[in-house]
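Good morning, colleagues. Please look at the sequence and the structure on the screen, and I shall then guide you through two of the helices and the loops that follow them.

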Amino acid sequence: GRIAYALLKLKNRFGVNDENFIQINISRNDLASFVGTAYETAFRIMNELVQENLIMVSGKQYCIVNEEKLKKLTD
């Protein structure tokens with residue numbers, strides 16, 4: 001839930017580019033630090049979110065594919 005919340009917060013704060021990627025480059029390590037979790041946990045959760053087609057990851061860029069489902073994870 002914390003990673004989903006963080007991605008939504010980053011999207012709201014920085015907006016998205018023409019390809020719908022959040023307009024900030026942030027490593028998974030930095031994202032893990034931002035939400036207060038271990039890198040390994042963040043890596044695993046990010047992979048799960050990609051597999052569930054909730055987000056897309058391209059290097060240090062993130063795109064929220066299904067914002068409604070991602071919001072449900074923050075409850």
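The buried residues of helix α1 pack against several elements: helix α2 (28-35), helix α3 (39-51), strands β1 (55-58) and β2 (61-64), and helix α4 (67-72). Please bear in mind that we are viewing a predicted model. Which residues of α1 are buried? They are Ile-3, Ala-4, Ala-6, Leu-7, Leu-8, Leu-10 and Lys-11.

We can also check the length of this helix. Helix α1 covers residues 2-14, which is 13 residues, and at 1.5 Å a residue a span of 18 Å should result. The C-alpha atoms at its ends are indeed 18 Å apart, so expectation and model agree. After α1 comes Gly-15, with a positive phi near 75°.

In the loop that connects α1 and α2 we find Asn-20. Its phi is near 70°, a positive value in a residue that is not glycine. Asn-20 counts as partly exposed because its relative accessibility is 33%, and the partly exposed class lies between 20% and 50%.

Let us turn to helix α3. The same check applies here: 13 residues at 1.5 Å each should span 18 Å, and the end C-alpha atoms of α3 are 18 Å apart, which agrees. Its buried residues are Ala-42, Met-46 and Leu-49. Viewed down the axis of α3, these buried residues fall within an arc of 60°, and therefore they line one face of the helix. Covering them are, among others, α1, α2, β1, β2 and α4. On the other side of α3, Glu-40 and Gln-51 are exposed.

One residue of α3 deserves separate attention, namely Val-50. Is Val-50 buried or partly exposed? With a relative accessible area of 35%, Val-50 is partly exposed. If we set aside its neighbours within four places in sequence, Val-50 is in contact with Ile-55 and Val-57. By way of contrast, consider Val-50 and Asp-18: they are 32 residues apart in sequence, and their C-alpha atoms are 20 Å apart in space.

Finally, where is Asn-53 found? Asn-53 sits in the loop between α3 and β1, just after the helix. Its phi is positive, near 60°, in a residue other than glycine. Asn-53 is partly exposed, because its relative accessible area is 47%.

Thank you for your attention.

Key: Residues are numbered from 1 along each chain as its sequence is written. This is a predicted model: local features need pLDDT of at least 70, side-chain atom pairs count only at pLDDT 80 or more; totals for chains, interfaces and linings use all residues. Side-chain values use heavy atoms; hydrogens and water are left out. Helices (H or I, at least four residues) and strands (E, at least two) are DSSP runs, numbered from the N terminus. The expected span of a helix is 1.5 Å times one less than its number of residues. Buried means under 20% relative accessible area, exposed over 50%, partly exposed in between (1.4 Å probe, protein chains only). Contact means heavy atoms within 4.5 Å. The arc is that of the directions from the helix axis to the C-beta atoms.
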